[in-house]
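Student: Hi, I have a new structure to look at and no idea where to begin. Can we go through it together?

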Amino acid sequence: TIYDSIESTPIAISNFPLQNKRQQQGHASLPFKDQKDFASSIQSWVKSVKPAQELLRTVAIQHDVFATFSDQPKDELSLRDLTRQMFSANWHHIHGTINATIDNAHLDLAGLDCCVDILEYALCAASYLGMTVERSAFSKLLGRVNRFNDLKVQKSGVNAEIEGKLNFEDIDQVRGLSQKLHTSFFVDDARVETMKQVARRIRNGNILLNDPSRYFVREGDLVKRHQLAGRSSTYRFFLFSDVLVYAHRSPSQGDYKVHEELPLHLMKIKDGGGPASSTKQNSFHIHHPNKSFLVVASSETEKQQWIDDINKSISREVKRKAKIEKSRMEAARRVRI
């Protein structure tokens, strides 16, 4: 039993420094200041041993069988069977970790990128070991990652094979899909550096770096028309992947002080139109629940570039928000179940 094992191999406390005075007398003792210190140390050790004793009692009652290489003759030893036993005992921990990572993927894309590797190895292992239940569970997780990333694959391709019955030959296709996911998660270093440079020119711009998925699109000066006041002001507009920021330059500090931040998923753009002699020449409307106004570009070409870039960014951001909301609803539904 466990207690026989402990009795045959007791826990020994060694390698403690010896007191000089006791060493000179040929005696060894533990380095306690006095008898009171010794008594308090013993009490502390006893308290720490009690939880371990309870754990040992629980393990002894369970009678768990641990597979070891010495349990069977070498000619009957199957490494595949041992691996299958270990994977069967731990796969649900791996599944839960990957599942939680996908639930929070919109907050940590780097974490999702790392979990693709774990998912690949888990799915390949379950497939090779012939564990159909585990294989099906990990296949569904791979489908969730695929849907979150909006990676387009043909129904007759990898995705269909993953949802169906995998065999050993399909592992290369699983690895191929995971490589495509890694490529889609890749963040260009030049894009990150550009984002940092732009943020440094904006007062408190470090806040813009909090979202790792945000990137810079374009910037430029536009004239904002105040419809009620009847006057115009020139602002510096910064277009990011998920927000439009306009600011004015500070004469004293030389940076840009933000006047307004407008999330793109709630924005609509409308061409101002108007003949060449009209005050609406080279203009377009920005409609947003927080603020709506007319802006004027320096030329027709610049105006059209701003409209195209903003509309493309709006479309991408709306799709991204939809994926995040879908992932959140799936996570909430699983919690209720």
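Tutor: Yes. Keep in mind that this is a predicted model. A place to begin is strand β5, which runs antiparallel to strand β6 (residues 283-287) and is joined to it by four bridges.

Student: Which residue in β6 is the bridge partner of Lys268?

Tutor: His287 is the partner of Lys268.

Student: What is the strand order of the open sheet?

Tutor: The order is β4-β3-β2-β1-β7-β6-β5, seven strands with antiparallel pairing.

Student: Which strands stand at the edges, and why is one side of each left without a neighbour?

Tutor: The edges are β4 (256-263) and β5 (268-271). Each has a single partner strand, so there is no neighbour in the sheet on its other side.

Student: By how many degrees are neighbouring strands turned against each other?

Tutor: On average by 35 degrees, with direction ignored.

Student: What about β2, how many of its residues are buried?

Tutor: Seven of the ten, so to speak of the strand at residues 231-240 as mostly covered is fair.

Student: And which strands does β2 pair with?

Tutor: One is β1 (residues 216-226), paired with β2 in the antiparallel sense over ten bridges. There, Gly220 is opposite Phe237 of β2. Another is β3 (residues 243-249), also antiparallel to β2, with four bridges. In that pair Phe238 faces Val245 of β3 as its opposite residue.

Student: How many residues lie between β2 and β3 in their hairpin?

Tutor: Two residues lie between them.

Student: New topic, the helices. How many residues has α4?

Tutor: Helix α4 covers residues 79-103, which is 25 residues. From first C-alpha to last it reaches 35 Å, close to the expected 36 Å.

Student: Where does α4 bend?

Tutor: At Asn90, by about 50 degrees.

Student: Which residues of α4 are buried?

Tutor: Leu82, Phe87, Trp91, Ile98, Asn99, Ile102 and Asp103.

Student: Which residues touch the most other members in the largest nonpolar core?

Tutor: Phe87, Ile98, Leu119, Phe138, Leu142 and Val145, out of 23 residues in that core. Two or more residues each come from α4, α5 (109-128), α6 (132-149) and α8 (171-185).

Student: Which element gives the most to this core?

Tutor: That is α5, with eight residues.

Student: What lies apart from this core?

Tutor: Another core, of 19 residues. Leu222, Phe237, Ile286 and Ala297 are among them. Phe237 is the β2 residue that stands opposite Gly220.

How values were computed. Residues numbered from 1 in each chain as written. Predicted model: local features only at pLDDT ≥ 70, side-chain atom pairs only at ≥ 80, totals over all residues. Heavy atoms only, no water. Pairing = 2+ DSSP bridges. Axes fitted to C-alpha atoms, helices over the stretch in contact; angles between N-to-C directions. Expected span 1.5 Å × (residues − 1). Bend = angle between axes of the 7 residues up to and from the residue. Buried < 20%, exposed > 50% of the residue type's maximum accessible area, 1.4 Å probe, protein only. Core = buried A, V, L, I, M, F, W, Y, C linked by side-chain atoms within 4.5 Å.
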